[in-house]
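Trainee: I am new to this structure and would like a close look at a single part of it. Please take one sheet and go through it strand by strand, then place it in the rest of the chain.

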Amino acid sequence: MAAHMSSFRRWGRVQRLGVAACRQYSSSSGYPNVSLSSPLPGIPKPLFASVDGQEKHETRITTLENGLRVASQNKFGQFCTVGILVNSGSRHEAKYPSGIAHFLEKLAFSSTSQYGSKDEILLSLEKHGGICDCQTSRDTTMYAVSAEVKGLDTVVNLLSDAVLQPRLLDEEIEMTRMTVRFELEDLNMRPDPEPLLTEMIHAAAYRGNTVGLPRFCPAENVDKIDRKLLHTYLRSYYCPERMVLAGVGIEHEQLVECARKYLLNVKPVWGTSTPEKVDRSVAQYTGGIIKMEKDMSDVSLGPTPIPELTHIMIGLESCSFLEDDFIPFAVLNMMMGGGGSFSAGGPGKGMFTRLYLNVLNRHHWMYNATSYHHSYEDSGLLCIHASADPRQVREMVEIITREFIQMAGTAGEMELERAKTQLKSMLMMNLESRPVIFEDVGRQVLATGKRKLPHELCQLISNVTASDIKRVTTKMLRSKPAVAALGDLTELPSYEHIQAALSSKDGRLPRMYRLFR
């Protein structure tokens, strides 16, 4: 009777408070009282994956009989990124009309010997959840596909066809001409002038040679580029010894097998390669100035238009990415940092970098101050982009020249450690992305024949000292400046004055005396 009354009272409590309130937890007598730091009794001991010592050799490289290099890195997941990187870009167009690389980027993944149109290519990739893309830079052309690992055979077959067997039909070339013209119009109209300024600073720094040649097709060359010219260019530059087949997320043996099947004995549509005609010019840094007077008052209309600004970019020669000084320059670039005055964000976005602390925080009228570092196999360029009201251009230029001079001072221990930590953090976070790993593997193997792993790069970054920063800056300040100026340039100092400021001790521009203002 007592047991019956007890269960009745318990049932009444459940009805009043609900099941959750009356559930017995591990603290009650029904369950063992086990600390969270101890393993549960009766559970099998877990087996963890052990490292087999291959982590130092995770990027595997094989060179085929025809000179093509196959590089891969396995990565957990059911998707892979595979692509072909070619040592070809706008820097190799000295003997040709500029704009061929731009055309090839737009013509990529169009009709081929096996596929009648771009739609057919996309439909075949859809079966494997795939996407494709092509990007060109000043020194590299990259064809890439991301798809399911099961579709690797189809992917490599497609890449081989797209790179070596494009049809380049007249209607495709005509459509590309329209696309290129639209891009050139957009380049001059967009509110963000950074791509145009980057083009201008390269043209000023390497006047008429290698990386100073136009990356975008000049308007006057759009009608000059046809199938015959493209085939002549491809015959010289698209040869196996100038290519790397890179893959991330696949087994190396599988990738090599597919490469042998689809890339070993394939005759390109343009015939026998003539690699002896390749332009092997070394970048010649010249320095200089390129100015573009432009009305920037109506760049961004609407309820909150961007005010009229003048944009200045000043650069100095740094070093190639093959040199040991590349890492100190990367740390210096991170230490300068900067950004826009309306996107300060938190510490992770560089609020404690020099261009924030010394420039944007002290001069409210400056809209932007950002450091960039462009590096190539034979040269490099460290530059600062700044923008402000056209009436304050002279003052803005002096602020930037002073920042360049102050780089040669001794870096503080805290700011140097912060810059190194931020660089390592950015490196490791970017390398969590499969397409980024693919590009890193492909570019490093294409340039050097091997790959430095992230932990090696982090060690090199950690080894950078304040004396390294001072040494590379002192060397950099000996070069002539490269200047790009866009907008209302009435108040822009002369090139000689900018050069004098960068040769002085304090970075100040020579004084100007005017009778009338």
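Mentor: In this predicted model, the strand order β7-β12-β8-β11-β10-β9 describes an open sheet of six strands with mixed pairing. The edges are held by β7 (288–293) and β9 (338–340); each has a single partner strand, so one side of each has no neighbour in the sheet. From one strand to the next, the twist averages 20°.

Take β11 as the strand to follow. Of its nine residues, nine are buried, so the strand is mostly covered by the definition of buried as under 20% relative accessible area. The cover is found on both faces of β11. On one side the buried residues are G380, L382, I384, A386 and A388. On the other side they are L381, C383, H385 and S387.

β11 has β8 on one side in the strand order and β10 on the other. Start with β8, residues 310–317, which pairs with β11, residues 380–388, in the antiparallel sense over eight bridges. Two of the positions in this pairing can be picked out in the structure. E317 has L381 of β11 as its bridge partner, and L316 stands opposite L382 in β11.

Now turn to the β10 side. β10 and β11 also pair in the antiparallel sense, here over nine bridges. The two strands form a hairpin, and four residues lie between them.

One residue of β10 is worth following in detail. N368 lies in this strand, which covers residues 366–375. Its bridge partner in β11 is S387, one of the residues listed above as buried. N368 is itself buried, because its relative accessible area is 12%, under the 20% cut-off. The side chain of N368 makes a polar contact of 2.9 Å with the side chain of T370. Apart from neighbours within four places in sequence, N368 is in contact with G339, G340, L360, H385, A386 and S387. Of these contacts, G339 and G340 fall in the edge strand β9, while H385, A386 and S387 belong to β11.

A helix also lies against this part of the sheet. Helix α10, residues 326–336, lies across β9, β10 and β11. The direction of α10 is at about 170° to β10.

The chain has another sheet to set beside this one. It is open, has six strands in the order β1-β2-β6-β3-β5-β4, and its pairing is mixed. Its edge strands are β1 (59–63) and β4 (131–136), and each pairs on one side only. Neighbouring strands in it are turned by 15° against each other on average, with direction ignored. Inside this sheet, strand β3 (residues 79–86) and strand β5 (residues 141–148) run antiparallel and are joined by eight bridges. There, C80 stands opposite A147 in β5. Helix α9, residues 252–263, lies across β1, β2 (69–73), β3 and β6 (243–248), and runs at about 150° to β2.

The cysteines can be checked next. A disulfide is a covalent bond between the sulfur atoms of two cysteines. The count of disulfides here is zero. Take C134 as an example: the closest cysteine sulfur, in C132, is 9.4 Å from its own sulfur, which is too far for a bond. C134 is buried, at 8% relative accessibility. C458 is buried too, with a relative accessible area of 15%.

Two loop residues deserve a look for their backbone angles. Most residues other than glycine have a negative phi. F109 is not a glycine, yet its phi is positive, near 60°. F109 is found in the loop between α3 (100–107) and α4 (118–126), and it is buried at 3% relative accessibility. L168 is not a glycine either, and its phi is positive at about 50°. The loop between α5 (152–164) and α6 (170–189) holds L168, which is buried with a relative accessible area of 3%.

Last, the chain as a whole. The protein chain has 17 helices and twelve strands. Buried residues make up 50% of its 517 residues. Among contacts in the chain with a separation of 6 or more, 79% are between residues 24 or more positions apart. The exposed area of the chain is about 26,600 Å², and carbon and sulfur atoms supply 55% of that area.

Note on methods: Residues are numbered from 1 along each chain as its sequence is written. This is a predicted model: local features need pLDDT of at least 70, side-chain atom pairs count only at pLDDT 80 or more; totals for chains, interfaces and linings use all residues. Side-chain values use heavy atoms; hydrogens and water are left out. Two strands pair if DSSP finds at least two bridges between them. Axes are lines fitted to C-alpha atoms, for helices over the stretch in contact, and angles run from 0 to 180 degrees between N-to-C directions. Contact means heavy atoms within 4.5 Å. A disulfide is a pair of cysteine sulfur atoms within 2.5 Å. Buried means under 20% relative accessible area, exposed over 50%, partly exposed in between (1.4 Å probe, protein chains only). A polar contact is a pair of N or O atoms within 3.5 Å; within protein, one must be able to donate a hydrogen and the other to accept it, and residues adjacent in sequence count only if both atoms are side-chain atoms. Accessible areas come from the Shrake-Rupley method with a 1.4 Å probe; for residues, only the protein chains shown count as cover.
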